[in-house]
Amino acid sequence: MSALKRTALIVFNAFIAAVGRLDKSLSPSDTLAKLQKHKWRASDSVYIFHFLSASFWLTIMTAPPFPYKLLIPILYTIAMLIPLTSQFFLPATPVFSWLIMFYSNGFIPLQYRPNPSVSLLPTLETVLYGANISDLLTRFTHPVLDILAWIPYGVGHYALPFVVAAFLWLFRPKEALRFWSTAFGYMFLIGVIVQILFPCAAPWYELIYGLTPANYGVKGSPGGLIRIDSLFHAHGYTTAFGNSPLVFGAFPSLHSAAATIEALSVSHFFPQTTTWVWVYAGVLYWATMYMTHHYLIDVVGGACLATMCFYFFLPEELKNTVAATSPPGTNLSLLASTGTAKTNGNLPAYRMGTQRSKYDIYDLEAPRDRQRNGKGRTGGVVGGRGIMAEAAAEFELDESEDEFASETGDGERHPGDEEDITYRPTLQKAAGKKLNGEKKSEIVAGGANGHRHTASIARLIRGPDARGSIDQGEEGWRSPMSAGFVFPPRNGKGKETDSRNLTFV
């Protein structure tokens with residue numbers, strides 16, 4: 001099976017499993033029952049802010065007119081009452097709050113709007129960075145560079161948030177998707193509030209109008225994206241930016257903010273993609289300036305806003321890498337409190353990526369073969385081995401006697417050779433010997449094909465010389481709590497052993 005087909009099969013199976021985990025109830029009474037049982041916390045008061053914010057923006061909204069605009073809260077309420085849809089709409093409340101704010105800010109009366117600034121951002125960029133960096137990046141253009149900038153700026157910016165949400169839903173605990181919608185929504189919400197209170201013109205305005213004072217009658221411009229419209233003989237970006245309700249929203253750059261929080265989130269929940277997502281973010285930083293939509297200070301401001309939101313909204317149980325990379329269904333509360341994971345689907349520990357090796361549990365040094373091969377339980381594929389292989393490796397037996405002897409160079413084990421005390425030779429039965437006229441099985445240690453198992457506490461206590469009593473047909477070591485325990489031990493003839501001849505190990 002090719003890698004592409006295997007990946008598609010994994011995604012398909014994850015989708016089927018994710019759908020199976022959904023609450024498919026359509027009864028509003030189930031939602032009301034959950035609401036009655038909900039224990040209210042101080043953090044729940046944020047929904048009062050969302051309610052007041054939505055009420056304000058709906059009030060000043062003139063398109064669609066009343067009463068058609070009432071369909072917006074009605075449909076949202078219905079979606080919140082149905083369990084099947086509420087499990088998506090409730091975490092996405094900050095995102096919807098941002099969308100209605102972004103759209104309705106265009107209806108704010110002119111007398112209440114601050115005057116947009118034209119020269120503030122280029123002046124700050126020159127003072128802080130010694131030059132107008134964004135202007136330097138726009139002096140040379142080429143169709144290849146246009147395509148390279150368009151892919152992240154004009155396509156990835158709008159599509160990648162949904163891709164990240166989908167992968168978190170499919171492959172990570174439900175808390176990860178809730179965090180993503182919360183951090184992403186509040187980041188855009190804060191950004192739009194800043195853009196409304198401190199409106200600033202983008203570089204395209206300086207290129208078209210110079211430093212003349214701006215007013216809200218100016219239509220938005222697609223900037224460098226107009227070359228993409230010309231390349232594809234379309235007018236999509238010209239129409240979209242020309243009708244934008246927020247024309248003077250250069251600072252902070254929400255394009256760079258989105259790329260930053262996407263890179264932080266994806267690298268946190270999918271560490272193997274860290275290099276690629278940060279390369280994407282870097283290209284988008286350049287594209288925002290190349291397309292004449294942002295100054296460098298806008299990019300820095302957006303990145304700082306995203307970083308702040310990421311670490312502020314990241315819950316404590318997801319800060320741990322093991323928890324962040326655990327599969328869906330993981331009980332993160334249990335994982336945070338005990339260091340172990342439990343899933344609704346009774347997944348084994350190695351599938352959870354949370355199982356500690358026996359060497360970590362007992363604070364022991366790993367055997368030599370694990371050190372040489374670099375095997376570890378860091379999750380995913382280690383040294384070309386999959387999760388299942390790594391799980392099996394946790395229970396692999398250690399080197400055999402002949403393998404150890406081969407390391408010495410002469411094929412023999414020497415008394416002075418170092419040996420891991422947590423391992424002892426297994427006892428193998430060899431039938432055919434008779435002791436005291438009875439046929440018994442001889443228990444011997446080691447052997448060419450013998451394995452060495454982890455020693456029990458009892459075997460560590462009794463030491464290697466305890467085999468003598470077993471070889472002689474006795475019961476060997478007895479627990480001090482048992483009735484048959486005798487000290488000093490008896491020899492094979494039932495007589496007590498002289499305590500002066502005892503050897504302690």
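A residue counts as buried if its relative accessible area is under 20%, as exposed if that area is over 50%, and as partly exposed in between. The exercises below apply this and similar cut-offs to a predicted model.

**Exercise 1.** Decide whether Tyr 205 and Tyr 209 are buried, partly exposed or exposed, and classify the pair that their rings form.

*Solution.* Begin with Tyr 205, whose relative accessible area is 2%; this value is under 20%, so Tyr 205 is buried. Tyr 209 has a relative accessibility of 39% and therefore counts as partly exposed. Next, consider the rings, whose centres are 4.7 Å apart and whose planes stand at 35°. Since planes under 30 degrees apart count as stacked and those over 60 as edge-to-face, the pair is tilted. Both residues lie in helix α11 (residues 203–209), and because they are four residues apart there, about one helical turn separates them. Tyr 205 and Tyr 209 also belong to one aromatic cluster together with Trp 204, Tyr 216 and Phe 248.

**Exercise 2.** Describe how helix α14 (residues 254–269) and helix α16 (residues 296–313) cross, and state which classes of residue make their contact.

*Solution.* The two axes come within 7 Å and cross at roughly 40°, which means that α14 is oblique to α16. The crossing is right-handed. Among the contact residues are Leu 254, Ile 261 and His 268 of α14, and Asp 298, Gly 302 and Phe 310 of α16. Sorted by class, the contact has ten nonpolar, six polar and one charged residues.

How values were computed
Residues numbered from 1 in each chain as written. Predicted model: local features only at pLDDT ≥ 70, side-chain atom pairs only at ≥ 80, totals over all residues. Heavy atoms only, no water. Axes fitted to C-alpha atoms, helices over the stretch in contact; angles between N-to-C directions. Helix = DSSP H or I, 4+ residues; strand = E, 2+ residues; numbered from the N terminus. Parallel < 35°, antiparallel > 145°, perpendicular 65-115°, else oblique. Left-handed = near helix turned anticlockwise from the far one by under 90°. Contact = heavy atoms within 4.5 Å. Nonpolar A, V, L, I, M, F, W, Y, C, P; charged D, E, K, R; others polar. Phe/Tyr/Trp six-rings, centres within 6.5 Å; stacked < 30°, edge-to-face > 60°. Buried < 20%, exposed > 50% of the residue type's maximum accessible area, 1.4 Å probe, protein only.
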